[in-house]
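Here are some short exercises to work through with the structure open beside you. Try each task yourself before you read its solution.

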Amino acid sequence: MKINFGSDWTFTKDSTSLHWEKITIPHTAQIEPLVVNNQWQGDCWYQKQFDVEKIENEKIFLNFEGVMHEAWVWINGKLVIHHQGGYLPFTIDATDWVKEKDNTIIVKVNNEDNPQIPPGKTLKTLDFNYYGGIYRNVYLIKTNTVYITDAVHTNQVNGGGILVHFDEISPEKASGFIKVHVKNESNEPKNVKLDITFSNPNHTSTFTSKEVVIGSNAEESIVTLLEIKHPELWGIEQPNLYDVEVKVLSEKSVLDRQTLKTGIRKAALKNDGFYLNDEKLFINGTNRHQEYPYIGYALSDEANYRDAVKIKNAGFDFVRLSHYPQTEAFLNACDEVGLLVMNCISGWQFVGDEKFIENSYQEIRDFSRRDRNHPSIIFWEVSLNESDMKAAYMQKANEILRTELPYVPIYTAGWIDNPNYDLFIPARQHSKAPDYWNNYENNNRKIFIAEYGDWEYYAQNAGFNQTTFANLKEEERTSRQLRSFGEKRLLQQAFNYQEAFNSNLKGKHTIGQANWLMFDYNRGYADDIESSGISDIFRIPKFAHYFYQSQRSPSVKLKNNLVSGPMVYIANYWNEKSSLDVTVFSNCEEVALYLNEVLIAKQKPLRNTFSEKLPHPPFVFTIPSFQKGNLRAEGIINGKKVTEHWVKSPESATAIQLVIDESNVKINPNHQDVVFVYAKIVDDNGTLVPDANHEISFSLEGAQAELIGQNPIAAEAGIATILLRTKQLKKPLQLKAQHSSLKAATLVLK
């Protein structure tokens with residue numbers, strides 16, 4: 001039994017206080033402002049009183065998915081663990097410490113600078129924040145005294161828990177094994193065997209292990225060979241998954257049962273590139289930080305899933321987890337939506353002492369054990385990002401991963417060009433010239449551009465298009481553009497990404513790329529939001545989002561309401577300030593543009609020095625003069641219209657529209673969830689007014705939720721945003737957004 005243990009906690013920053021705040025986990029130690037500078041750091045305390053039905057021959061564990069970044073846990077007055085590391089789980093065997101009634105658990109949490117805990121760097125010099133608190137789920141787990149262990153808790157090389165691996169994969173069959181670690185803490189030996197089921201909607205395969213005798217207080221890793229006929233492979237367009245159920249049987253009694261999801265797929269680095277399921281693939285991806293505004297890392301599982309949906313909908317098939325291990329919920333979402341993953345350890349421009357190094361090594365062990373069954377993970381970044389790693393560290397880091405996962409192919413990645421790593425992952429800004437990586441040659445070694453499109457433009461050293469840049473102000477050239485900065489600068493951001501993307505495609509040994517980055521975020525040392533995201537910190541798309549969306553083939557048809565197929569998007573507000581050179585992003589063969597239903601032109605995409613390698617270059621139409629009204633673009637394939645998009649000149653702002661961003665994932669009715677609420681300022685026609693900056697006030701009726709964030713808040717580019725955090729959505733909630741000069745909006749959530 002795995003029971004959510006997140007409710008009915010209390011919290012304080014002062015352990016001597018008589019009044020502790022009632023909270024639910026996941027929880028952040030402090031609600032921060034929108035722009036985080038001087039982020040809170042220190043000690044905080046969590047406490048919970050609980051009962052637990054304690055049956056003879058039963059084990060009780062407490063599993064913490066993530067606590068930032070140092071934790072001390074007491075159960076009924078006994079210190080049972082001191083854990084260091086904020087991004088990976090730890091488990092407590094609480095069997096001997098809990099009783100049936102009146103238990104108390106106390107957790108002290110500290111997130112102060114600590115050079116021995118990766119990433120190690122001080123917040124005032126770090127490029128991201130580590131927000132305090134018990135910010136991921138906590139579970140109470142009950143098992144028999146004969147049970148399947150937890151892989152991280154067991155701390156056993158290439159063992160613990162359940163490990164699934166397929167090493168021979170073809171359309172006809174997939175062959176491999178499943179290794180299950182079973183522990184017997186009863187007072188007598190047990191004859192056990194495993195009943196194993198792999199199932200999906202179309203097929204079920206069952207396997208039975210050999211019977212083994214596990215002595216009292218002993219353990220055994222039971223390996224069972226697998227062969228699945230005509231496997232349905234996991235891929236970026238068809239992310240087929242198998243439900244795996246493992247039962248531990250003794251004399252026909254089920255002593256323990258665990259389930260997981262996994263997929264069967266082939267990933268291979270070859271002389272001519274990267275292959276997924278025997279098909280060559282140039283990987284198009286992005287980077288992601290796991291923070292939300294205000295609440296930092298304390299996202300719900302559903303909120304993490306929504307981020308994966310947004311990344312997939314933006315046209316990406318890959319995400320690099322910069323620069324630390326991220327939550328299991330996000331990895332599960334990547335498995336389900338078809339996102340390839342580069343899994344990363346904690347690191348950014350820092351190497352600490354021997355204790356730091358040992359903690360980093362342990363992080364490699366822990367994340368390999370936690371994450372090894374995810375089909376989405378194709379690369380393991382056992383590298384301290386942009387840090388001066390020594391040769392001994394790189395060798396040992398790779399040895400640890402290869403000992404934990406001694407299989408072919410398991411690929412490691414590092415930012416230093418070192419032969420210990422299977423894949424070299426430089427950023428564009430690390431180059432000596434704009435086309436440096438295109439001409440890279442080191443014994444046919446493959447590279448993946450792990451970051452591009454931001455720093456080289458921010459530092460004004462891109463070197464690609466300086467002639468065109470000559471007419472731009474310095475702040476207009478950069479890729480760091482807030483949505484409020486306007487059409488011209490958002491178009492420049494999109495062009496910067498286009499230009500670098502196009503250049504990356506020229507690299508003989510480049511197998512893929514990840515732009516910097518998907519969502520705007522806060523940095524520990526900065527007085528502003530890092531705004532090179534193709535969506536803002538509230539997950540609202542910028543023009544660059546649609547550029548990337550246009551690079552996916554129109555023939556791709558994704559399931560589960562994910563965005564795919566033919567698309568066209570007019571990157572223009574079409575008001576008096578708009579450019580008369582209208583950029584249209586599309587994956588269609590031709591685009592026809594109409595102004596007030598009069599054809600301006602029907603064109604092919606614009607191929608030039610900055611787009612000749614792109615799968616789908618943008619279209620640029622020149623309109624002689626501005627006329628208020630409608631711009632409509634038709635996407636055409638094989639001479640037929642297949643999609644369209646239109647924009648309308650905005651009139652004066654008159655009203656508010658309220659939208660809840662669920663991104664294919666409904667609000668969890670049973671547990672805490674968090675969603676963005678968007679108040680769109682529109683005119684009488686329902687058209688967004690992109691220069692509206694009214695201060696919008698949000699209000700809420702219903703005790704099952706709360707609003708988090710600046711309130712009232714000024715709209716940015718016509719949209720004001722606040723966070724809604726629900727507890728248990730059992731009764732309707734009423735949201736309201738208003739401004740004195742606008743028609744208010746009301747939305748009822750059920």
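**Exercise 1. Which residues does Phe379 touch, leaving out those up to four places away in sequence?**

Solution. Keep in mind that this is a predicted model.
- Step 1: Select Phe379 and look for contacts, which are heavy atoms within 4.5 Å.
- Step 2: Leave out the residues up to four places away in sequence; Phe379 then touches Phe274, Ile283, Phe318, Val341, Met342, Asn343, Tyr411, Leu423 and Ile511.
- Step 3: Place Phe379 in its setting. The largest nonpolar core has 92 residues, and Phe379 is one of those that touch the most other members, along with Phe274, Leu340 and Tyr393.
- Step 4: Find the main contributor to this core. Helix 9 (residues 487-504) gives the largest share, six residues.
- Step 5: Look for another core. A second, separate one has 41 residues, including Ala303, Ala705, Ile719 and Leu729.

**Exercise 2. Describe the overall build of the chain, and explain why it counts as being as compact as a globular protein of its length.**

Solution.
- Step 1: Take stock of the secondary structure, which comes to ten helices and 47 strands.
- Step 2: Compare two values. The radius of gyration is 27 Å, and the globule rule gives 27 Å for 750 residues; the two are close, so the chain is as compact as a globular protein of that length.
- Step 3: Add the dimensions: the C-alpha trace spans about 90 × 65 × 50 Å along its principal axes.
- Step 4: Turn to burial. Of the 750 residues, 61% count as buried.
- Step 5: Consider the contacts with a separation of 6 or more: 68% of them join residues 24 or more positions apart.

**Exercise 3. How many cavities of 30 Å³ or more does the structure hold, and what lines the largest cavity?**

Solution.
- Step 1: The count is four cavities of 30 Å³ or more.
- Step 2: The largest cavity holds about 70 Å³ of space.
- Step 3: Its lining is made of Pro26, Glu65, Tyr135, Arg136, Asn137, Gln290, Tyr297, Leu299, Asp301, Asn304 and Thr327.
- Step 4: Sorted by class, this lining has four nonpolar, four polar and three charged residues.
- Step 5: Now take the second largest cavity, with about 50 Å³ of space. The residues that line it are Ile236, Glu237, Pro239, Glu336, Val337, Leu558, Lys559, Asn560 and Leu562.
- Step 6: By class, the lining of the second largest cavity has five nonpolar, one polar and three charged residues.

**Exercise 4. Is Ala329 buried or exposed, and which residues does Ala329 contact beyond its neighbours within four places in sequence?**

Solution.
- Step 1: Find Ala329 in helix 3 (residues 328-337).
- Step 2: The relative accessible area of Ala329 is 10%. Buried means under 20%, so Ala329 is buried.
- Step 3: Setting aside neighbours within four places in sequence, Ala329 is in contact with Asp301 and Asn304. Asp301 and Asn304 also belong to the lining of the largest cavity.
- Step 4: Compare sequence with space: Ala329 and Asn137 are 192 residues apart in sequence, and their C-alpha atoms are 9.9 Å apart.

**Exercise 5. Which residues lie nearest the centre of the second largest pocket?**

Solution.
- Step 1: This pocket holds about 810 Å³ of space.
- Step 2: Its lining has 32 residues, and Tyr546, Tyr569, Lys680, Leu688 and Ile719 lie nearest the centre.
- Step 3: Elements that give two or more residues to this lining include helix 10 (543-549) and strand 41 (673-682).
- Step 4: The class split is 19 nonpolar, six polar and seven charged residues.

Note on methods
Residues are numbered from 1 along each chain as its sequence is written. This is a predicted model: local features need pLDDT of at least 70, side-chain atom pairs count only at pLDDT 80 or more; totals for chains, interfaces and linings use all residues. Side-chain values use heavy atoms; hydrogens and water are left out. A nonpolar core is a set of buried Ala, Val, Leu, Ile, Met, Phe, Trp, Tyr and Cys residues joined through side-chain atoms within 4.5 Å. Buried means under 20% relative accessible area, exposed over 50%, partly exposed in between (1.4 Å probe, protein chains only). Helices (H or I, at least four residues) and strands (E, at least two) are DSSP runs, numbered from the N terminus. On a 1 Å grid over the protein atoms alone, a cavity is a set of points where a 1.4 Å probe fits but cannot get out, and a pocket is an open set with protein on both sides within 12 Å along at least five of seven lines; lining residues have an atom within 4 Å of a point. Grid points are joined across faces, edges and corners, and a volume is the space filled by probe spheres set on the points. Ala, Val, Leu, Ile, Met, Phe, Trp, Tyr, Cys and Pro count as nonpolar, Asp, Glu, Lys and Arg as charged, and the others, Gly among them, as polar. The radius of gyration is taken over C-alpha atoms; the globule rule is 2.2 Å times the number of residues to the power 0.38.
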